[in-house]
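Q: Got a minute to go through some helix packing with me? Let me pull the model up first.

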Amino acid sequence: MDEEYEVIVLGTGLKECILSGLLSVDGIKVLHMDRNDYYGGESTSLNLNQLWKKFRGEDKAPAHLGSSRDYNVDMMPKFMMANGKLVRVLIHTDVTKYLSFKAVDGSYVFVKGKVQKVPATPVEALKSSLMGIFEKRRAGKFFSYVQEYDEKDPKTHDGVDLKRVTTKELIAKFGLDENTIDFIGHAVALHSNDSHLHQPAYDTVMRMKLYAESLARFQGGSPYIYPLYGLGELPQAFARLSAVYGGTYMLNKPECKVEFDEEGKVVGVTSEGETAKCKKVVCDPSYLPNKVRKIGRVARAIAIMSHPIPNTNDSHSVQVILPQKQLGRKSDMYVFCCSYSHNVAPKGKFIAFVSTDAETDNPQTELKPGIDLLGQVDELFFDIYDRYEPVNEPTLDNCFISTSYDATTHFDTTVVDVLNMYKLITGKELDLSVDLNAASAAEE
């Protein structure tokens, strides 16, 4: 413990473990500590008895739900875009050798009171029951424009500068109606509110292209993939990577007090009377509560079921997005479902999550629109947690703090935070220009 390190990472949440792995691969001497005796922090996976203890205060779950160890219930469930940045990070670091992935069956959106398949290509748009016949043609033209758009080829721009025109102005060009705009913005481009409509269209078009490319990669029913045995496997895989490159791990270290010099710069971390010296600290908000501020709360429900979500074509794994406008809310609601097909529950059992940014103190009432989509549930748990973001200046104190996980059930914002932190810590961009076709990140 009484050694000097370049970076000490506190907490083994997914963001912290990814950064620990990336920094170790860069040849940086890393010590990784956690006050808990398990990996994952807030993003851990629980077996059934652990879930029961957390939410019901009892050690044992009822026997009719099956073996406790057959459950891997993610506390921060999120799907990965098959062509997205997290998959690129996994391939860049070769962490894929520690993990197995499977495509997610379905991607759906709640529009006009119904759960409907998300179309993402001109062909899917023509088949979609989301739209009438004329709207299908208009949507098909818009999807064709997005698919053909190439930033380097002005011929594909149709005279539009996407970095100057807003999303709303671009969509107006194609005459799409409000419901179509809603599902495109929220279920294809994966924006969590409507602010994107007034921002340059470039970001939305690139997000739509990523969705379509991810959908095409595995020819499945969705653009998403998910690890077998749940997301709890990811922090441990990055921990293994860090260890291979010389990173040191210490779990079950109480307190982990960050020490500062007279100028307010970090100099080390003390636990159990011993201090490890370092130049920089990376941590989740709980380790430096005086350097973060509360930015909101997430309400969520966790359901154990014996059937797939109705109206999703019997999908064993699925995401349903409920856009804010459809519910009269300020933010979207997300439904995530996984099952025994991804080895997160015993045969015949399904785990579903409903999550959203809390707008009231009553998650039961607030989450009702999402819970109503689940059909009959065997067990239902409610939870509400605070979200924090850093307010410190890392150039002054050398503390790099992650932002709490949001309500979304996809990894878009999580990876952006990790890559921004990596750049702040190292002063360089992470090179993610890997050949995704050369490395298969999913197993059918």
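A: Sure. One term before we start: a crossing is left-handed if the near helix is turned anticlockwise from the far one by less than a right angle, and right-handed if clockwise. Also, this is a predicted model.

Q: OK, so which hand is the crossing where H1 passes H14?

A: Right-handed.

Q: And at what angle do H1 and H14 pack?

A: About 40°, with the axes 10 Å apart. H1 is residues 14-25 and H14 is residues 412-426. That angle makes H1 oblique to H14.

Q: Which residues in H1 and H14 meet there?

A: From H1 you have Lys 15, Ile 18, Leu 19, Leu 22 and Leu 23. They meet Thr 414, Asp 417, Val 418, Met 421, Tyr 422, Ile 425 and Thr 426 in H14. By class, the contact of H1 with H14 has eight nonpolar, two polar and two charged residues.

Q: How many of the residues of H1 are buried?

A: Eleven of its twelve, so to speak mostly covered. Lys 15 and Glu 16 are among the buried ones.

Q: What comes just after H1?

A: Gly 27 takes a positive phi there, about 85°.

Q: Switching to H8: how far apart are its end C-alpha atoms?

A: They're 27 Å apart. At 1.5 Å a residue, the 18 residues of H8 (residues 201-218) should span 26 Å, so that agrees.

Q: Which residues in H8 are buried?

A: Among them are Val 205, Met 208, Leu 215 and Phe 218, and also Arg 207, Lys 209 and Arg 217.

Q: And what follows H8?

A: Gln 219, with a positive phi near 50°.

Technical notes:
Residues numbered from 1 in each chain as written. Predicted model: local features only at pLDDT ≥ 70, side-chain atom pairs only at ≥ 80, totals over all residues. Heavy atoms only, no water. Axes fitted to C-alpha atoms, helices over the stretch in contact; angles between N-to-C directions. Helix = DSSP H or I, 4+ residues; strand = E, 2+ residues; numbered from the N terminus. Parallel < 35°, antiparallel > 145°, perpendicular 65-115°, else oblique. Contact = heavy atoms within 4.5 Å. Nonpolar A, V, L, I, M, F, W, Y, C, P; charged D, E, K, R; others polar. Expected span 1.5 Å × (residues − 1). Buried < 20%, exposed > 50% of the residue type's maximum accessible area, 1.4 Å probe, protein only.
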